[in-house]
Amino acid sequence: MALFTEQLFADHLTLPYPEAAVVGDAYYAAPVPDLPLRLRIDFAPTIYAGRYDGLRLQVVHLDKGPIDTAVLRFADHGAFDVRDRRLGRRPGEGGYGTFNDWHHSEHPPWAGIGVTRLRAAIDQYVRLWIPGAPPVRTSPPLTAPVPQARTSPSRAR
C-alpha cells in the first residue's frame, strides 16, 4: 500500500527547505544549499511488518555519509492522540501511536495525524545539526479573517 509520503510532507508537515524532494517513501532536503549536509526523513518501522510508529530523521554529510539519526515517536509527540482517544486506545496497547499500511485504501494510513509537535521537534533537530536552516513553522497556519460583504446602510424614508 502507498504511504502517501509526498502528501504528508507537502500538505501536512510543510517544511520550508528550498531544495527538497520525496523519493520513494523518503523525504530528502538541503536545508542550507551551500552546506554539504542533507536531511533524510522516512517512516520509522516497528518490529511488525507494515506498522510505523514515528519519523526517522537522519543528517547525512555528502562526503562522510550519515552523521546522526533520531526517531520522533508519534506517541511522544501526540500525533495520533485524537484518533487513539476516539478508539479507546491507551499507551502500551497495540496500535497506540502507530499506523499500519496493511489495508488498501484511497486515504493515507496516517490520516488525521497531528503534526504541530512533530514540526517543532523537526525544527529543533535540524537547527541543531544544520546551522542556518530556515525555521519550521511550529504553529498551525493562521487563517485569514473571512471578509464580510459590505452593505450600504438602509435608507430612512
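**View 1. Phe 80 and its partner Phe 74 are both tucked away as buried residues.** In this predicted model, Phe 80 has a relative accessible area of 2%, so it counts as buried (under 20% relative accessible area with a 1.4 Å probe, protein chains only; exposed is over 50%, partly exposed in between). Phe 74, at 1% relative accessibility, is buried too. Residue numbers run from 1 along each chain as its sequence is written, side-chain values use heavy atoms, with hydrogens and water left out. Because this is a predicted model, local features need pLDDT of at least 70 and side-chain atom pairs count only at pLDDT 80 or more, while totals for chains, interfaces and linings use all residues.

**View 2. Here are the aromatic pairs, starting with Phe 9 and Tyr 27.** There are seven aromatic pairs in the structure (rings of Phe, Tyr and Trp, the last by its six-membered ring, with centres within 6.5 Å; planes under 30 degrees apart are stacked, over 60 edge-to-face, the rest tilted). Phe 9 and Tyr 27 are stacked, at 4.5 Å centre to centre with 10° between the planes. This pair links distant parts of the chain, 18 residues apart: Phe 9 sits in helix 1 (residues 5-13) and Tyr 27 in strand 2 (residues 26-30); helices (H or I, at least four residues) and strands (E, at least two) are DSSP runs, numbered from the N terminus. Phe 9 is buried at 3% relative accessibility, and Tyr 27 is buried at 5%. Phe 74 and Phe 80, on the other hand, go edge-to-face: 5.3 Å centre to centre, 85° between the planes. Phe 74 and Phe 80 also belong to one aromatic cluster with Phe 43, Tyr 52 and Phe 99.

**View 3. Two arginines sit over rings.** The charged end of Arg 83 is over the ring of Phe 80, 4.2 Å from its centre (the cut-off is NZ of Lys or CZ of Arg within 6 Å of the ring centre and within 35 degrees of the ring normal). Arg 51 lies over the face of Tyr 48, 5.1 Å from the ring centre.

**View 4. Strand 3 pairs with strand 2 and with strand 4.** Strand 2 and strand 3 (residues 37-45) are antiparallel over four bridges (a pair needs at least two DSSP bridges), and Tyr 28 stands opposite Arg 40. Strand 3 and strand 4 (residues 51-61) are antiparallel over nine bridges, with Ile 41 opposite Leu 57. Five residues lie between strand 3 and strand 4 in their hairpin, and Gly 50 in the turn has a positive phi of about 80°.
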